[in-house]
Amino acid sequence: MMKKNYYQKMAVLGVLLLSLFGFQKYTDKKTDHFPNVQFVSESLPTEILTEFDPNELDENQWQKLGFSEKQTATILKYKQIVGGKFLSKEQLKKCYAISDEKFIQLQSFILLPENNKDAKSGSFNFEKKSITVSGKFNPDQYSQNDWENMGFSEKQAAAILKYKSFLGGSFVSKEKFKECFIISDENYAKLAPYLILPAKTPANFNPYDRKLNAQKTKIQITPFDPNTLDTAGWMALGFTEKQANVIVNYRDRNLKGSFKTLEDIQNCFVISPEKFAELKPYIKLNSATMVKNSDTKKTEFKQQEKTDFSKTDINSVTFKQLLEFGLDEKSAGSMIGFRKKLGGFMTKEQILETYNIDKELVQKLLSIAPLDNSKVERYSLVDAPEEWLKNHPYFKYSADKIIFYRISNPDDKKIWKLLKTKPEYEARMRLYVK
């Protein structure tokens, strides 16, 4: 009798185990795994971006902006979900396929109002021009005015020329021309029959090699007065457009319009010692510029004080000093503006995150100038003023959560756990937390 009961119990246990395994196998098959969204790390160089309306972008154009096929599909599906049209930058930013870093890169180029409230006011109407082509043409030979006359905006025309420069000075082929971000499929279809370019890109094409070859081309230098050269004149001497603009700005703003000595030219950051040695025999300076002293009415040399950047704190450097170093107004303004929003830089790496700066020049500045962050305001999450949280670039998107959580959890460690922010965002925020 006991053996019979024992076998019955074992049989019941076996049935239960089989049922359990079967249920587990069934539920595993039914589990829906949400597809992982992987963000593309490679982004389009900001110097060849231009203004765009995200409502007009097709699948190819989103991919040209650096998004993967899955991300592009998600963005287009999200557009349908919100009614078939993005109304504001605020709404576009909520699309989870667009990372915060990518949105920051694109933000200033997006032709949309900042938020839905502005959109409803109806004050944002962007003009869309049609593209007209009169006949066959070689796009390599087109100037800024030529592209504008075709129907592109000033910024779009500039972006096309910068894209050509990015390729090494030539569009190379119709394939490469089509890859230009602002050339939509619709506009390319209009232009393609008239393009005097090969259809296919050569197999050995390398834009980097083309740039090197262009730089190695022998420049024919003749005697010149550096005080009469404009941007084009300096470019004719072998400088890039960016370098030429820096030289002109340095001369006109920092030296009051003229180089007075060879040393003034040599001190310009973008003129390397090798390049200066090459140019020196051909430089013809007029006699030193004299200025009138309004108090004494006598002429005397005007000596300009120079900033010692090795002793100039990054957190106190002025707009004028940044111009003196060689930055243009846009870069200097962006750097000062970002510093003001942050309340001061905590690390030099932050400065390179500043949008719209000349990273090459700023990197040079950072290698010379010190950074003192001792006077930068820092708070705990519990004590941070609400206004500070809502205005600080690193905290404003989490400000409401922090204010809510600290009411019932006045402890920084607990608030951090509740926030559940990405590690990279938390690392930036902790720079400003006591």
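This passage describes one helix, a group of aromatic rings and a few individual residues in a predicted model.

Residues are numbered from 1 along each chain as its sequence is written, and side-chain values use heavy atoms, with hydrogens and water left out. Because the model is predicted, local features need pLDDT of at least 70 and side-chain atom pairs count only at pLDDT 80 or more, while totals for chains, interfaces and linings use all residues.

A good place to start is helix α22, which spans residues 412–419. Helices (H or I, at least four residues) and strands (E, at least two) are DSSP runs, numbered from the N terminus. The buried residues of α22 are Asp412, Ile415, Trp416 and Leu419; here buried means under 20% relative accessible area, exposed over 50%, and partly exposed in between, with a 1.4 Å probe and protein chains only. These four cover an arc of only 100° around the axis, so they lie on the same side of α22. The arc is taken from the directions that run from the helix axis to the C-beta atoms. An α-helix has 3.6 residues a turn, so residues three or four places apart point the same way. On the other side of α22, Lys413 and Lys417 are exposed. The cover over the buried residues includes α21 (399–408) and α23 (423–430), where contact means heavy atoms within 4.5 Å.

Both ends of α22 are worth a look. At the N-terminal end, Asp411 acts as a cap, with a side-chain oxygen 3.1 Å from the backbone nitrogen of Lys413. A polar contact is a pair of N or O atoms within 3.5 Å; within protein, one must be able to donate a hydrogen and the other to accept it, and residues adjacent in sequence count only if both atoms are side-chain atoms. After α22 comes Lys420, whose phi is positive, near 50°. Trp416 also has a charge over its ring: the charged end of Arg430 sits 4.2 Å from the ring centre. The criterion is NZ of Lys or CZ of Arg within 6 Å of the ring centre and within 35 degrees of the ring normal. Lys93 likewise lies over the face of Tyr397, at 4.1 Å from the ring centre.

Turning to the rings themselves, a search of the whole structure finds 21 aromatic pairs. Rings of Phe, Tyr and Trp (its six-membered ring) pair if their centres lie within 6.5 Å; planes under 30 degrees apart count as stacked, over 60 as edge-to-face and the rest as tilted. Phe137 and Trp147 form an edge-to-face pair, 6.1 Å centre to centre with 80° between the planes. Phe137 lies in the loop between α6 (116–121) and α7 (144–150) and Trp147 in helix α7, so the pair ties together parts that are ten residues apart in sequence. Phe137 is buried at 3% relative accessibility, and Trp147 is buried at 0%. The rings of Tyr142 and Trp147 are also edge-to-face, because their centres are 5.3 Å apart and their planes meet at 65°. Tyr142 is partly exposed, at 22%. One aromatic cluster takes in Phe137, Tyr142, Trp147, Phe152, Tyr163, Phe171, Phe177 and Tyr188.

Two loop residues other than glycine have positive phi values. Val172, with phi near 70°, is in the loop between α8 (154–166) and α9 (174–178) and is buried at 10%. Asn356, with phi of about 70°, is in the loop between α18 (348–351) and α19 (359–368) and is partly exposed at 35%.
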